[in-house]
Amino acid sequence: MKYAVRHTTTYTYDKPVSDSLGVAHLRPRVLPWQTVEDYEVQVAPAPNDLREDLDHYGNHVTYFQLTEPHQRLVVEGRGTVEVLTPVHAEETLVTPWERLRPLVQTAAPLAWTATDVALPSPLVDQVPGAHDYATASLRPGRPVGEAVTDLMHRIHADFEYDDTATTVTSTIAHVLEARAGVCQDFAHLLLACLRGHGLAARYVSGYLSTDPPPGRERVVGADASHAWVEVWLGGDDWLALDPTNDQWAGDRYVTVAWGRDYGDVPPLKGVIFTEARKSTMQVAVDVAPWALQG
Amino acid sequence: MTVIRDYAAGLNQPTLGGDPHRYDEVVGRDGSLRAPWKGLAERAVRLTPGDLARADDDIVRALADDGVTYGRPGRRPGPWRLDPVPLILDAASWGQLEIGLAQRAELLNAVLADLYGERRLLAEGLVPPAVVMGHAGYARVVARPSFHEPHPLVLSATDLGRDAHGEWRVLADRTQAPSGLGYAMENRRVLSRVLPQLYRESGLHRMAPFFSALRSALQQAAAGDMPDPRVVVLSPGSHSETAYDQAFIASALGFPLVEGSDLVVCDGWVQMRVFGRLERVDVILRRVDSDWSDPLELRGDSRLGVAGLTEAVRRGRVRVVNGLGAGVLENPALLPYLPAVSEALLGEPLLLDSVPTWWCGDPESRERVLDDLEHLQVRRIDGPPTELAELGPDEIRARVLAAPHAYVGQELLPLSQAPVWRGATVPGREVRPQALTLRTFTLRYGSAYRPLVGGLVTLIEPANAVDRWSPQRSKDLWVLKEDPAQPDQGLPEVQPLTHARSSTGTVPRVLEDMFWFGRESERCEDMLRLVLVCHALADDYRTRPTSTGNQGLQVMLTAVARLAGRQDTDDLDAEFRSLLLDYDRVGSFAHSLDGLRDALAGVRDQLSPDIWRAFGVTERAAYALETNNHSHQVADSAGRMLTGVLSLQGVLANMIRDHGWHMVHLGHHLERALQLCHLMRATTTRRRGIDVDREVLTAVLNAAESAVTHQRRYRGYVRTGGVLELLLTDPDNPRSLQFNLAELATHLAALPASTGSSRPERLVTVLLEQLAETEVATLVAIGGESRPNLEAFLDQMLAQLTRLGEAVSELHLATGPAPQSLVGLPVVDSFDTDAATGEVRLP
């Protein structure tokens, strides 16, 4: 599938900001199953400094600074992305999950890089509750594809989608306790479950293209940032699981960036110098099927 | 007997000696003195208890006079302590260690470059990846393909201890932001003054050339070929544990000591806020931990860093020393892998062994550790060594098993021991053996790593020491030359340091500290004078409650209460002691002195070290007061404290006439005017009968240090009008309101942000006009029991002076808004905006 992707973040402040520095993870990665065309990151007012780079995980990252006093900041990424559904070999999916623990099978190909996401990370701490929750799915000898898919099903069934249940700073323990959260929480929880048993799994930030409700028109900008998880299948093979929607990520999923957890890849973060006390923030995400363009 | 011979003899007696398994630094197994001590001829060996007692006293005094402190978490900084007996090593034994240290720094640099570059060590499994990736010091923001720094390690420190055979072993590597070089230099400075003969005749390596080399290495660290790079020392602030060390280094090297708020990043360049403009910074000697160095890309809650610093580093536009992320080497889990890493990266065997260490992420090592919990110290790979010291073996085992990769087990070395001065209380046992560790420093100079020939020795308190935060004692390390002709530090070619004064004089934060230097020193002085006056009255009259003198005393005590609050006590001596000693009592002398010390600590590199003598004097006076219950000690100590505080004027007189100097005076005159108005407001606005009034006025003149002038001018005839003239309108009395307002105008005019019509200048002009229009005769006028005009006048002056202080802060000390996180602002749905202009309407 091919999509026109647009992600706009707008901040306004009640007093001028004299200096604003930002780091954005917006430009989607180029992957064997994903191509990216004409992508641009734009900042308004025009920044006096803007630089694109690849971060530690190979994600595109944009650094910018604007020292022109302003009360409104707009950061927008837009471009075209074409996605295929990743395919996994059956023999990979039936590997017993215990054989995919990089801290144990240290000599396995690329186990050394996968180690980074097998360890606890700042937002995904190791809590016994997550380990215990996952044990029912990760039974000894079970094929990895089946085991982790079962875990995804259970999270989807046991946890309620509720954007009032958690905040951006909620911990794994809090999500376990509340039995509710948003996509970011479910992704973090699934990471904690998998890592608690020694599997390597990374946080993926991106978009999910959604269909309008039957009989309604597409509403531009009504989509949202999304988050899911990729679990290591050995070598350079990762299986993408979306616990929020209870499915493997396919050609409706645009991968922007991945890291240990949300903290490595927020779409936009920044530091501002201002006397302002309040701000408004609007995020508009639009993932439109290419065919509907023009 | 001499101290060293007593010590040697004592070692053979089990009750007096230390641990028999310990290597002794002075006495060999056979009871004879070790080589370096023999080499010191008879001089060191002949030191008597008397010599050492004197040296110890001199050291305490010298360190206090230099204001050398060491911070303790959650407590006031304590004095730095130095033992009078140096640790002495001869050229031969040092030489071996030196080679090992140089190799180690080279190896660590190669490891660092690899971990942030190619990561061959991890890919090939020479270091288990979890050792690095599981360590909090691994800074992924600088581990990017676009950025590579070949020599990220410029200055490292190594902590060493000896094993039972006397071999040095590495206990820990300090690469994040190594501290202690300043303390080491200060130790040397003090010891060379206190034991001058021994110092001269021992033929040891002087440290100075190492500092010159450090200065030059930092300048050369600048990117490109810059003729005169700007180097700064980035400090977390004067409340940091090692604030003294940081200021010492900055001042010894002649580089400005700055804090994060003094720097900004603009277009990827780091710049220093200098009055009204920005100046580029090329090299940062970093004493802030990596994690706290940039709120944009590292810890967002840090107030110590510079937003955008990481990006500036990645673009090669500033060089940070040591590089961001260097703290990943402060990882005990690396130790067991270093021998293999050395073979792989340097092609050499590792020369200096580390303390035996096992990483629990490795199954066999984990078993080894869990089987021997009694003898091993278990610690987290990125936590302090003693973090788990209080836990029982079961709890430790549980923690290790829950996250094995995060823990190591380490052998505890017996360490070596050396004689330490214990005071002349027990004849024949003045020195006792105590265990020690050694911190060494290694610098990348030119293309090679050079260890400092010297170091900082820390004495380890016995495990059962009462207070874990008791200031540690240190020792100086003397490394003897093989041949007196050998150049110091083996560095003949280094240029000596030119003492360039650093130029942070106009950074807003520095001006602010200077302002408070002026204000707090004046508060100190005024409170001391008030206490002295009250104590004198109390001495004369406390036994005669109905006397006019005692009534005068009661009035003066209301002035004290106005400035320092009222204490619920009838015991006047207790009150005086509280006013002098109680740090927690706002308005007390001790409280203001603390404020003064804080302000000075922030600008330590700007000021002559003489400034700290004032604190040496006041501390000794405070100690005398604490240990002597007699009432007369109050006056004695307060008098000595006053001498100390007044000595600051001498330092000021010798200060360069820059903006900072004007700022000190601005604070000083503003505070003097305020204090005077408070004093008069509390004492002179009511009538209490002629005799009592006379007592009060005399006391006020004394407290305002104008009694002598008054005596000369009015021949001892004390009346309200004369006193008001002298204290309010006299243009020649440096204590008068008129004089201080005029001085305020002068110093204000000298500041760069002053325009002639700025708000502070306007406020002073109004104050001066109001004072000029005021007739003393009107102020004296009586209305019933009080002087309503005087009361109103002083209230008005106080209000305006307070406003002036705020205006000065706003105009001259403003640093602009502090940085905050983009997502930190409370988010609202919408603002109340003006429909016509579209602008936000403010409440």
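What follows is a conversation between a trainee and a mentor about two chains of a predicted model.

Trainee: What makes chain A as compact as a globular protein of its length?

Mentor: The radius of gyration of chain A is 20 Å, and the globule rule gives 19 Å for 294 residues, so chain A is as compact as a globular protein of that length. Along its principal axes the C-alpha trace of chain A spans about 60 × 40 × 40 Å, and the chain holds six helices and 14 strands.

Trainee: How do you know that the radius of gyration of chain B agrees with that of a compact globule?

Mentor: For 843 residues a compact globule would have a radius of gyration near 28 Å, and because chain B has 31 Å, the value agrees with that expectation. The C-alpha trace of chain B spans about 95 × 85 × 60 Å along its principal axes, with 28 helices and 23 strands in the chain.

Trainee: What share of the residues is called buried in chain A, and what share in chain B?

Mentor: A residue is called buried if 20 or more other C-beta atoms lie within 10 Å of its own; set against that cut-off, buried residues make up 47% of the 294 residues in chain A and 49% of the 843 residues in chain B.

Trainee: How do you know what part of the contacts with a separation of 6 or more joins residues 24 or more positions apart, in chain A and in chain B?

Mentor: A contact requires C-beta atoms within 7 Å, and among the contacts with a separation of 6 or more, residues 24 or more positions apart account for 74% in chain A and for 70% in chain B.

Trainee: Which domains does the assignment give for chain B, and what makes up the contact between them?

Mentor: The domain assignment of chain B gives domain 1 as 208-321 and domain 2 as 508-812, and 39 Å separate their centres, taken over C-alpha atoms. Domain 1 of chain B brings 13 residues to the contact, while domain 2 of chain B brings nine.

Trainee: Which elements give two or more residues to the side of domain 1 of chain B that touches domain 2 of chain B?

Mentor: They are helix H10 (243-253) and strand S9 (257-259) of chain B, and the largest share of that side, four residues, comes from H10(B). By class, the side of domain 1 of chain B that touches domain 2 of chain B has six nonpolar, four polar and three charged residues.

Terms used. Residues numbered from 1 in each chain as written. Chains lettered and ligands numbered in written order. Predicted model: local features only at pLDDT ≥ 70, side-chain atom pairs only at ≥ 80, totals over all residues. Domains from an automatic or database assignment. Contact = placed C-beta atoms within 7 Å. Nonpolar A, V, L, I, M, F, W, Y, C, P; charged D, E, K, R; others polar. Rg over C-alpha atoms; globule rule 2.2 N^0.38 Å. Buried ≥ 20, exposed ≤ 12 C-beta atoms within 10 Å, placed from the backbone.
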